[in-house]
Structure formats: structure tokens, C-alpha cells
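Colleague: I have not looked at this structure before. Could we go through its sheet and its pockets in turn?

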Amino acid sequence: MDKSMGIKNGERKNQDKSKVMLVFDYDGTIQETIKIYAPAIFDIAKRLRTIYDVPVENPSYARMESWLGLKNEEMWADFAPALPTAAKAAASARVGAYMRTLVRDGADPWYSGARDTLDELKKQGYRMMILSNSDHEYAEFNRKRFDTDKWFERYIDCESWDWQSKADVLSSIISNEPDLTYVMIGDRFNDQEAAVRNKILFVACEYGYGKSGELDEADARAYSIAELPEIITRLTDY
């Protein structure tokens, strides 16, 4: 992959880290979302059977994990395609509300070590933002609940950008600050696509929810979130 927009000349050593923008996905990268997503899906599956008489089964964990990082419409097209549009919207709202309730009741779905990793990257001087393929309400809840402003300059949700793809949203962001070195960090195909189309570095989070072979164009691979500082330093110090 041509990284000409991400690497400046390929000669400089120990790059000024304030000139590096780390673009994090959220679900599967910072948060182990299945911990709160699975109970919410089991709840809505039961309601679909009893209230809407929709014959859905409880999905496997692998199938639920495949939905994380997708838009709502893509998830429902796989889970309950015959469900009317209005019912899908109501069901999506209930899933989100259920997840938020679990967090308010004390669930902490962030990966173990996530805060320490972000602390270290912040200490080193990197700039950071979140780019999530989520709705605005979900993003704002997480931003406030987990105090993400401590680490991230922005928490961008794709709904606020009219559900443009991550690649298109990231292209707009880069065009506003083109002199930075950008590194995309994520666990799904749309994170890789955002990096490839914008010709920037990509770190694949293999501990997340991507399938085997889904992230075959990665520049580096992290098998735990704790590995990210070393990997990012290696990629950006040149």
C-alpha cells in the first residue's frame, strides 16, 4: 500500500509525535463490546419472538461479533430481514438502551489495559481521535461515561456525517490537516478500507472482532491492546 500521505519522505528519525494523529475505531479496538452487546441481543431476540412473532433464534457469539462495526441496517439485514423498518428502529433503540443500562449498573466493557495504553500514548505526545461507525447517541454516551476526552480530541460517529463510510469521513478529516501522519487502528474491514483508500498506515487489532483474512493489508498487527504503543512507535519513528 502506498503510504505517501502518511509517511513524510521516509527519512526522518524520532518524529515529533504531536504531528502524528492516531485514529482509533471504538468497538473491538478499545471496548470489548460483546460483553454488553450479547445480553442486549438475547433480550431483543426474545421480544421479537413474543411481541412481533418473528421466528428468530438466539444468534451465536461468532455471528454477533460479526455485526460489531457494521451499520444498524447491515446488522438487521442479516438478523431479521423481514422485520418492518419501524420495528427495526425500535429494536435498535432497545438494544442501545439495554447496553447503556448495563454500563450504568456497573459493567465496564473496556479491554483490560485499555486505559493504561491510552495513558502511555498520551504521555508520549501522540494526538488521538475516535472514528466509530455508530450513531450519535451511542458515541455521546460512551464519550461522557468513559471520559474519553481525557485522551481523544474528537469522538466522531458516522451518523453525524450522514452515515458516510469511514473512508470518506477520514478523507474529509485528513483534508483539513493534511500535514499530519495518520495511523488507523481498528479490527474490521471498514477500518482497513479507511486506511487503504486514504493511503495511511493501518494497525490491525487481531484481538477484536474481525474474521481470519479480513485485515490482510495491515502494516502491523496487535494481539492485545497493550502492544499498541510499541507498534505505533515502530511504525512512526523512521
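Colleague: Which residue in β3 does I130 stand opposite?

Modeller: Bear in mind that this is a predicted model. I130 falls within strand β2, residues 127-132, which runs parallel to strand β3, residues 154-157, and is joined to β3 by four bridges. The residue in β3 that stands opposite I130 is Y155.

Colleague: What is the bridge partner of L22 in β2?

Modeller: Strand β1 covers residues 20-24 and pairs with β2 in the parallel sense, over four bridges. In β2, the partner of L22 is M128.

Colleague: What is the order of the strands in the open sheet?

Modeller: The pairing of β2 with β3 is parallel, and so is that of β1 with β2. The open sheet has six strands with parallel pairing, in the order β3-β2-β1-β4-β5-β6.

Colleague: Which strands stand at the edges?

Modeller: A strand at the edge has a single partner, so one of its sides is left without a neighbour in the sheet. From one strand to the next, the twist averages 25 degrees. The edge strands are β3 and β6 (220-222).

Colleague: Which hand does the unit of β2, α6 and β3 have?

Modeller: β2 and β3 are parallel. Together with α6 they make a β-α-β unit, and its hand is right-handed.

Colleague: Where does the largest pocket lie with respect to domain 1 and domain 2?

Modeller: The largest pocket holds about 460 Å³ of space. Its lining has 25 residues, and Y37, N72, M99, D135 and Y138 lie nearest the centre. Domain 1 (17-32 + 111-237) and domain 2 (34-105) both give residues to this lining, so the largest pocket lies between them.

Colleague: Which helix gives the most to the lining of the largest pocket?

Modeller: α3 (72-79), α4 (85-104) and α6 (136-145) each supply at least two of the lining residues. By class, the lining has eleven nonpolar, eight polar and six charged residues. The helix that gives the most, with six residues, is α4.

Colleague: How many residues does α4 give to the lining of the second largest pocket?

Modeller: The second largest pocket holds about 200 Å³ of space. Its lining is made up of K71, N72, E73, W76, T85, K88, A89, S92 and W163, which divide into three nonpolar, three polar and three charged. α3 and α4 each supply at least two of them. The helix that gives the most is α4, and its number of residues is four.

Definitions and conventions: Residues numbered from 1 in each chain as written. Predicted model: local features only at pLDDT ≥ 70, side-chain atom pairs only at ≥ 80, totals over all residues. Heavy atoms only, no water. 1 Å grid on protein atoms, 1.4 Å probe; cavity = no way out; pocket = protein on both sides within 12 Å on 5 of 7 lines; lining within 4 Å. Points joined across faces, edges and corners; volume = space filled by probe spheres on them. Nonpolar A, V, L, I, M, F, W, Y, C, P; charged D, E, K, R; others polar. Domains from an automatic or database assignment. Pairing = 2+ DSSP bridges. Right-handed = clockwise from strand over helix to strand, strands pointing away. Axes fitted to C-alpha atoms, helices over the stretch in contact; angles between N-to-C directions.
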